[in-house]
Amino acid sequence: MAFTPSLLPTLIEAISETIAENAEHVTALDQAIGDGDHVINLQRGLAALTAQSEALAQLDWAAALQKIGMTLMSTVGGASGSLYGTLFLAMSKACQQQPLTMSNVGAVFHQGVEAMKQRGKSDVGEKTMLDVLIPVATQLQHATQQQMDLSSILDSLEAVAIAGMESTQPMLATKGRASFLAERSRGWIDAGAKTAQLMICAITAVLRVQTAQ
Ligand code: ADP
Ligand code: MG
């Protein structure tokens with residue numbers, strides 16, 4: 001498998017599909033403890049990325065990640081727009097010093113997630129998308145340092161993403177709109193955690209197929 005931005009059109013399509021398939025479920029979660037616009041926000045960004053996907057495929061990783069970050073910043077809106085924009089811009093910056101490869105992707109993703117933590121002033125345990133993305137970043141960094149085989153890496157990332165998403169259900173929200181509900185935020189999975197898990201699992205599914213070819 002060539003680990004290049006030529007993967008981006010397939011990844012963007014797979015992510016758009018999983019968000020569309022789960023739109024009703026995620027919107028119900030977001031209506032329960034948020035303002036119900038999370039899926040619409042993401043889909044605005046995904047539509048913009050779909051329109052750019054062939055152009056993105058021609059760029060190097062640093063330029064492609066920067067373009068994705070800027071597009072998400074300007075189209076998604078809401079908390080998730082600035083957080084995902086920050087993720088991609090920070091990843092772009094991280095791979096300006098060293099080209100992105102399978103061996104440094106863990107470190108690059110970790111830097112992106114660290115920037116999100118700063119932007120959101122949040123950390124694991126606050127009932128947000130970071131309850132998925134932080135453990136996924138830790139696992140990816142660990143797995144690539146250990147030089148695990150790709151299939152085991154993908155399995156472990158899916159397991160960590162699902163566990164992180166499920167962990168948000170009993171949590172008290174302390175960041176974002178759900179925090180306004182205080183104790184009443186408990187009992188629901190966070191919508192942003194659910195979409196982060198869906199996106200991670202869409203990416204791992206694409207990589208699994210690509211590596212089998
Ligand atoms: P908004 O809350 O502004 O309407 P969205 O509905 O698009 O934005 O996204 C909501 C999601 O963003 C939440 O479900 C949560 O996962 C995430 N989120 C909100 N605030 C923060 C924060 N400070 N840090 C990390 N994630 C956050
Ligand atoms: Mg919202």
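# A guided tour from helix α9 to the magnesium ion

Start by selecting Gln197, which is buried, with a relative accessible area of 6%. Gln197 belongs to helix α9, and the model in which you are looking at it is a predicted one. Show the residues around Gln197, leaving aside its neighbours within four places in sequence, and you will find it in contact with Val132, Ala161, Ile162 and Met165. Now display the side chain of Lys194 as well, since a polar contact of 2.9 Å joins the side chains of Gln197 and Lys194.

**Lys194 in helix α9**

Keep Lys194 selected and extend the selection to helix α9, which covers residues 191-212 and includes this lysine. Which side chain of opposite charge is nearest to the buried Lys194? It is Glu166, but the distance is 7.4 Å, and Lys194 has no salt bridge. A salt bridge would require a side-chain nitrogen of Lys or Arg within 4 Å of a carboxyl oxygen of Asp or Glu. Apart from neighbours within four places in sequence, the contacts of Lys194 are His25, Val26, Leu29, Met165 and Ile189. Met165 is therefore worth labelling, because it appears among the contacts of Lys194 and also among those of Gln197, where contact means heavy atoms within 4.5 Å.

**Helix α8**

Select α8 next, residues 150-167. Its 18 residues should span 26 Å at 1.5 Å a residue, and the end C-alpha atoms are indeed 26 Å apart, so the two values agree. Colour its buried residues, which are Ile153, Leu154, Ser156, Leu157, Glu158, Ala161, Gly164 and Met165; the elements that cover them include α7 and α9. Two residues of this buried set, Ala161 and Met165, have already been met as contacts of Gln197.

**Across to helix α4**

From Glu166, move to Ala63, which lies 103 residues away in sequence and 34 Å away in space, C-alpha to C-alpha. Ala63 is located in helix α4 and, at 29% relative accessibility, counts as partly exposed. Select the whole of α4, residues 61-75, and compare its end C-alpha atoms: the 15 residues reach 21 Å from first to last, close to the 21 Å expected at 1.5 Å a residue. The buried residues of this helix are Trp61, Ala62, Ala64, Leu65, Ile68, Gly69, Thr71 and Leu72, and what covers them includes α1 (8-21), α3 (38-57) and α5 (78-97). Before leaving, step just past the end of α4 to Gly77, which takes a positive phi of about 75°.

**The magnesium ion and Asp35**

Select ligand 2, the magnesium ion, whose protein donors are Asp35 (OD) and Asp37 (OD), lying 2.0 Å from it. Are these two donors buried, partly exposed or exposed? Asp35 counts as partly exposed at 39% relative accessibility, and Asp37 is likewise partly exposed, with a relative accessible area of 26%.

Stay with Asp35 and add Arg177, for the side chains of these two residues meet in a salt bridge of 3.0 Å, N to O. The pair links distant parts of the chain, 142 residues apart, with Asp35 in the loop between α2 (23-33) and α3 and Arg177 in the loop between α8 and α9. Arg177 is itself partly exposed, with a relative accessible area of 48%.

**Further salt bridges**

A search of the whole structure finds seven salt bridges, and a few more can be visited here. Select Lys175 and Glu126, whose closest N and O atoms are 3.0 Å apart in a salt bridge. Lys175 lies in the loop between α8 and α9 and Glu126 in the loop between α6 (105-120) and α7 (130-145), so this pair ties together parts that are 49 residues apart in sequence. The accessibilities of the two partners may be set side by side: Lys175 counts as partly exposed at 26%, whereas Glu126 is buried, with a relative accessible area of 14%.

Finish with Asp123 and Lys117, where the side chains meet in a salt bridge of 3.7 Å, N to O. Asp123 is partly exposed, with a relative accessible area of 34%, while Lys117 counts as buried at 18% relative accessibility. Add Glu114 to this last selection, and you will have on screen a network of salt bridges that links Glu114, Lys117 and Asp123.

Note on methods: Residues are numbered from 1 along each chain as its sequence is written. Chains are lettered from A and ligands numbered from 1 in the order in which they are written. This is a predicted model: local features need pLDDT of at least 70, side-chain atom pairs count only at pLDDT 80 or more; totals for chains, interfaces and linings use all residues. Side-chain values use heavy atoms; hydrogens and water are left out. Helices (H or I, at least four residues) and strands (E, at least two) are DSSP runs, numbered from the N terminus. Buried means under 20% relative accessible area, exposed over 50%, partly exposed in between (1.4 Å probe, protein chains only). Lys and Arg count as positive and Asp and Glu as negative; His and the chain ends are not counted. Donors are N, O and S atoms within 2.8 Å of the metal (3.2 Å for Na, K and Ca); water is not among the atoms, so sites may look incomplete. The expected span of a helix is 1.5 Å times one less than its number of residues. A polar contact is a pair of N or O atoms within 3.5 Å; within protein, one must be able to donate a hydrogen and the other to accept it, and residues adjacent in sequence count only if both atoms are side-chain atoms.
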